[in-house]
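Biologist: Could you take me closely through one part of this model, the sheet and what packs against it, and explain how its pieces fit together?

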Amino acid sequence: MSDPTVADWIAEGEATIAIFCSPPNRDGCGHSAVVRLATLDPRMTRSRLARRAVCSACGGRGGQVMRDMAAHYERMRAAGMPVLDGYPQT
Ligand SMILES: [Zn+2]
């Protein structure tokens, strides 16, 4: 599944995804945002989402779409799974 859709993420139990500022023609400014999947079109693919992302900090167009790892680890903790400390806090 190289280009998952919003519906795929929801099916995997994700509620949010993170998008990092990453314009294709220059370095990103480091800004990132967490987006609620429920607010997006379920048929939206990761590549389309990445292309359409616009950074609210620098105005750069284009982002890198990642799993919301903070939420991911939170679910693992809630499920009683061992989670190593040291995940960078934002
Ligand atoms: Zn930016």
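Modeller: This is a predicted model, and a good place to begin is its largest nonpolar core, which has six residues: Val-6, Trp-9, Ile-17, Ile-19, Ala-53 and Val-65. Helix H1 and strand S1 each supply at least two residues of this core.

The sheet itself is open and is built from three strands in the order S2-S1-S3, with antiparallel pairing. Strand S2, residues 32-36, and strand S3, residues 63-67, stand at the edges with a single partner strand each, so one side of each is left without a neighbour in the sheet. On average, and with direction ignored, neighbouring strands of this sheet are turned by 30° against each other.

Strand S1, which covers residues 16-21, is joined to S3 by five bridges, the two running antiparallel, and five bridges also join S1 to S2, again in antiparallel fashion. On the S2 side, Thr-16 stands opposite Arg-36. On the S3 side, Ile-19 has Val-65 as its bridge partner, while Cys-21 is bridged to Gly-63.

In a regular strand the side chains alternate between the two faces of the sheet. Strand S1 shows such an alternation: Ile-17, Ile-19 and Cys-21 point to one face and are buried, whereas Thr-16, Ala-18 and Phe-20 point to the other face and are not buried. Of the buried residues on that face, Ile-17 and Ile-19 are among the members of the core described above.

Val-65 of the core deserves a separate word, since its contacts can be listed: leaving aside residues up to four places away in sequence, Val-65 touches Ile-17, Ile-19, Arg-46, Leu-49 and Ala-50. Ile-19 therefore appears twice in this account, as the bridge partner of Val-65 in S3 and as one of the residues that Val-65 touches.

Turning to helix H1, residues 6-11, we find Asp-8 within it. Asp-8 is partly exposed, because 15 other C-beta atoms lie within 10 Å, and being buried would take 20 or more. Asp-8 and Pro-42 are 34 residues apart in sequence, yet their C-alpha atoms are 8.2 Å apart in space.

Helix H3, residues 69-78, offers a contrast with the core: of its 10 residues the number buried is zero, so H3 lies largely in the open. After H3 comes Gly-80, whose phi is positive, near 80°.

How values were computed: Residues numbered from 1 in each chain as written. Predicted model: local features only at pLDDT ≥ 70, side-chain atom pairs only at ≥ 80, totals over all residues. Buried ≥ 20, exposed ≤ 12 C-beta atoms within 10 Å, placed from the backbone. Helix = DSSP H or I, 4+ residues; strand = E, 2+ residues; numbered from the N terminus. Pairing = 2+ DSSP bridges. Axes fitted to C-alpha atoms, helices over the stretch in contact; angles between N-to-C directions. Core = buried A, V, L, I, M, F, W, Y, C linked by C-beta atoms within 7 Å. Contact = placed C-beta atoms within 7 Å.
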